[in-house]
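Reader: I'd like a close look at one part of this protein, the spot around a buried lysine. Could you walk me through it and then work outwards to the spaces and strands?

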Amino acid sequence: MKIQILSKETGKANANALFFVKKSVQFSSILSEEAENQVESVLEGMENGPFEDLEFLEIDGKSTLFVNAAKERGLSGLDHLRMAAYRLAKRAQKKQIPVVSLMLADAAPEQFKAIAHGLFYADYKFDVYKSKPTPLFEATFEVVAGDHVAEFKKIADEVIVEQAAINTAKDLVNTCANDLYPETFVEFAKNVAKEFGISIKVRDLKALEAEGFNGHVTVGKGSSHPPYMVTLDYDGVKGNKAGKTAGSKPPHLVIVGKGLTFDTGGLCLKPPKSMPEMISDMTGAASALAAIQAIAELKLPIHVSAVLCLAENAIGNKSVLPGDIFAAKNGKTVMVDNTDAEGRLVLSDGLYEAGTLGATHIIDLATLTGAMVRALGYAVAGFFSNDDDLGLNVINCGETCCEKFWSMPLEEEYADALKDKFADLKNTGSDAGAISAALFLQEFVPENVAWSHWDIAGTAFVTKQWKYTEYGATGFGVQTLIELARQIGFASR
């Protein structure tokens, strides 16, 4: 799919597209008066609410696709535009329309960005395992931008980078565990680091054992594929003193991602029905890698690191046993009450690593609890934060990126349930499963650091169509991480 930004129509388009809400058409000021009257007449005939699909109508003798920008329930105005553009692109592919003109001279920058994202979402395919992949028809969308050509070109370039990062995360998550395991994930991360000029440090099992990163060692020791911790670093402010006040510490955002390339549940084995989706248990690490890829390519003015906590939770003769106790990197001892609560164990190491890097802000994201899925489903991610400003920033950035986040409480009343009779902590707590997991992670957050934990268990992977994902990885969280880095970076200048 291609996007071309033009100041006016070229006459080359095979079809025009109009975005409408109920009986009003958006972004149509460049239509002739006769065409506007024709559109109004068409809309007047639509008395039965939103139609189910795009319609071909003749406007000024040219095929025109009407795209309902308020069809789905519960979406924001920007997400309505994304969905409308996604359906438009799908129809153009299906009908093999070579060139479609979008008249967006009246669109605000954020509206155009939403439309561009929607168009690109329609282009994603994961068919590497198909014996005969179906080629995707490449349509061109001519965006008539009027006086906004330069601005829209810049936005389109940003969208291309962000969508490439989202596709990176999706491809990693959708890849089968026999092809993607900790070692191959490391090789992929090395290639990303080399391509985008990001520094990288890799700790293998020997280094993890020597340095006391026992969360990784405990979880990964039962698998034939040993665990790794990968630390990536991009410094967009190195040598740049602009915006720094005397004595202030420039922001350093560290993204910590859970990277269980497959999770059997360990000896606390998962039921077979839920097992196939466990290829997605490394979504946090995939999203962290994808985000720093885009942040580096966009050259955002901020220092960002990503910590990928990679392991495979499998069953073997060295598997951790329920009741085993280990010493975490920060010195606290942990009793493994449930081997299927393994994500928080590797994240404990990642959070400690974030502290050693000098983080001012930490985001950890993980497909962590079934409790969050039951609480918020597939459309909303629950998040926790020890800092109100960071929490508000997460919500606002999520809204900008059409990703829904809901603030959850770090309820101290449940903290005592994490105490163990022999160890300092155990890895499961009260019936409030998602809150207990967040409280456990908080035990490993460095002091005086703004931290937010995102539980993306419901939003990371879907088995039926949800918005612009037909099946599999959604890429949820990648855009919000990029936007959060953008906001924190520019706010400090």
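Author: Here is a walk from that lysine to the cavity, the pocket and two sets of strands. A quick word first: this is a predicted model, in which local features need pLDDT of at least 70 and side-chain atom pairs count only at pLDDT 80 or more, while totals for chains, interfaces and linings use all residues. Residues are numbered from 1 along each chain as its sequence is written, and side-chain values use heavy atoms, with hydrogens and water left out.

Your lysine is Lys-467, and it sits in the loop between β19 and β20 (472-473). Helices (H or I, at least four residues) and strands (E, at least two) are DSSP runs, numbered from the N terminus. Lys-467 has a relative accessible area of 15%, so it counts as buried (under 20%, with exposed being over 50% and partly exposed in between, for a 1.4 Å probe and protein chains only). Its side chain makes a polar contact of 2.7 Å with that of Asp-79. A polar contact is a pair of N or O atoms within 3.5 Å; within protein, one must be able to donate a hydrogen and the other to accept it, and residues adjacent in sequence count only if both atoms are side-chain atoms. Setting aside neighbours within four places in sequence, Lys-467 touches Leu-75, Asp-79, Met-83, Tyr-86 and Cys-402 (contact means heavy atoms within 4.5 Å). The backbone of Lys-467 has a positive phi of about 50°, though this residue is not a glycine.

Cys-402, one of those contacts, also has a positive phi, near 60°, and is likewise a residue other than glycine. You'll find Cys-402 in the loop between α11 (388-400) and β16 (404-407). With a relative accessible area of 6%, Cys-402 is buried.

Now for the empty space. On a 1 Å grid over the protein atoms alone, a cavity is a set of points where a 1.4 Å probe fits but cannot get out, and a pocket is an open set with protein on both sides within 12 Å along at least five of seven lines; lining residues have an atom within 4 Å of a point. Grid points are joined across faces, edges and corners, and a volume is the space filled by probe spheres set on the points. There is 1 cavity of 30 Å³ or more, and the largest cavity holds about 100 Å³. Its lining has 13 residues, with Tyr-121, Glu-403, Trp-466, Tyr-468 and Thr-474 nearest the centre.

The largest pocket has a volume of about 950 Å³. Of its 36 lining residues, Met-278, Thr-369, Gly-370, Val-373 and Ala-457 are closest to the centre. Two or more lining residues come from each of β10 (252-263), α10 (370-376), α12 (433-442) and β19 (461-462), and α10 gives the most, with 4.

Last, the strands. All 5 of the 5 residues of β6 (residues 99-103) are buried, so this strand is largely enclosed by the rest of the structure. Val-99, Ser-101 and Met-103 point one way from β6, Val-100 and Leu-102 the other. β6 pairs in the parallel sense with β2 (residues 15-21) over 3 bridges (strands pair if DSSP finds at least two bridges between them), and Ser-101 is the bridge partner of Asn-16. With β7 (residues 140-144), β6 pairs in the parallel sense over 5 bridges, where Val-99 stands opposite Thr-140. Elsewhere, 3 strands form an open, mixed sheet in the order β12-β13-β17.
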